[in-house]
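Colleague: Before we discuss the assignments, would you please display the model?

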Amino acid sequence: MKCLGIESTAHTFGISIVTEKGKILSNEKNTYTTKSGGMIPRELTEHHYSCAKKVIDKALATAGVTMKDIDLISYSQGPGIGNSLRVGAITARQLSLLFNIPIIGVNHCVAHVEIGRKLCDAADPVMLYASGANTQIICFENNYYRVFGETLDTGIGNFLDTFGRKIGMGFPAGPELDKLYYKGKELIEMPYTVKGMDLAFSGLLTSAINKFNKVKGNKQKENDIIYSTLHTAFAMLTEVTERALAHTEKKQVILGGGVGCSKPLQEMVSKMCEERGAKLFVPPNSTMIDNGIMIGWLGILMHKNGYRTPINSSQIKPKQRTDDIKVIWR
Ligand code: FE2
């Protein structure tokens, strides 16, 4: 079985072709970026529509297949930005009707967990899912991927992008912030908000912007603020992940989401795992950022286990939660 996976929850329009055994035949994408202003929903729609055909054609060509070789089309049904999700769902329906191929709508967050488990051969990890809109600590318990802790306001990636934008960076700001993190020398005290198992970033964001503006022009002091801001945010994530490990008595941690690619975050979580005797898995960056591979792979898992999405119930679900999906394939 070959599945064509369509990812379009936010900035990335991605197409991948994956086999039943998890072999990745191709992985193509086109990502919306801006020099200022963050993600503008109307522009996201235009971006995804304008690149869709090119990305699909490239993914088919790289895999050396045509649509006639595809047995299943899987698409991100939620959660995500409506404008983006809609392009993926419509593309899935069009291809389905044109080539008479079944479609399956899958949950983007669950897809991150499953591709991580598959590629890292991690049996039962705690996932720190740190992306733009999503920040969750996810563990498998009684047939569901349960959310043990999550952000109460903004996702860590959106927090970093907003901070970056306010201090004059383009979108996405994460890679540039990471570089400057290592230039910081002094750790300045910042608001640290962990409530039970949940996190909040808005106080830290306001404080970081205000502190940055006060030292603007002094490069070293600016870098100290960036270092302290990221250090505080990542320490919050690491604390909640550690407590999820302690509570569930699991021995593995896996990273997911675009912020999972951050070296400072990886170093901090790695140190925590080392001290607890847990193993950290870091999937390839290409599958931590948004991608079609994980959508195709979860589509195969769900389809093989009886999940079906008839066209007339293939609507997008922008607010669908990780723990809405019954996991019958584990
Ligand atoms: Fe994601």
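Colleague: What joins β6 to β7, and through how many residues?

Modeller: A hairpin of four residues makes that connection. The model is predicted: local features require pLDDT of at least 70, side-chain atom pairs count only at pLDDT 80 or more, and totals for chains, interfaces and linings use all residues. Residues are numbered from 1 along each chain as its sequence is written, and side-chain values use heavy atoms, leaving out hydrogens and water.

Colleague: How do you know that β6 and β7 pair, and in which sense?

Modeller: Strands (DSSP runs of E, at least two residues; helices are runs of H or I, at least four, and both are numbered from the N terminus) pair if DSSP finds at least two bridges between them. Between β6 and strand β7 (residues 135–141) there are four bridges, in the antiparallel sense, and Y129 stands opposite Q136 in β7. With strand β11 (residues 252–256), β6 also has four bridges, in the parallel sense; there V126 has V253 as its bridge partner.

Colleague: Why is β6 called largely enclosed?

Modeller: Buried means under 20% relative accessible area, exposed over 50%, and partly exposed in between (1.4 Å probe, protein chains only). Five of the five residues of β6 are buried, so the strand is largely enclosed by the rest of the structure. V126, L128 and A130 cover one side, and M127 and Y129 the other.

Colleague: What makes the site of the iron ion irregular?

Modeller: Donors are N, O and S atoms within 2.8 Å of the metal (3.2 Å for Na, K and Ca); water is not among the atoms, so sites may look incomplete. H108 (NE2), H112 (NE2), Y129 (OH) and D290 (OD) coordinate the iron ion at 2.1 to 2.6 Å. Four donors are tetrahedral if all angles lie between 85 and 135 degrees; four are square planar and six octahedral if opposite donors are over 155 degrees apart and all others between 65 and 115; anything else is irregular. Here the angles among the four donor atoms run from 85 to 170°, and the site is irregular.

Colleague: Is D178 buried or exposed, and why?

Modeller: D178 has 14% relative accessibility and therefore counts as buried. D178 lies in helix α5. Beyond its neighbours within four places in sequence, D178 is in contact (heavy atoms within 4.5 Å) with L230, S262, K263 and P264.

Colleague: Why is V282 called partly exposed?

Modeller: The relative accessible area of V282 is 35%, so V282 is partly exposed.
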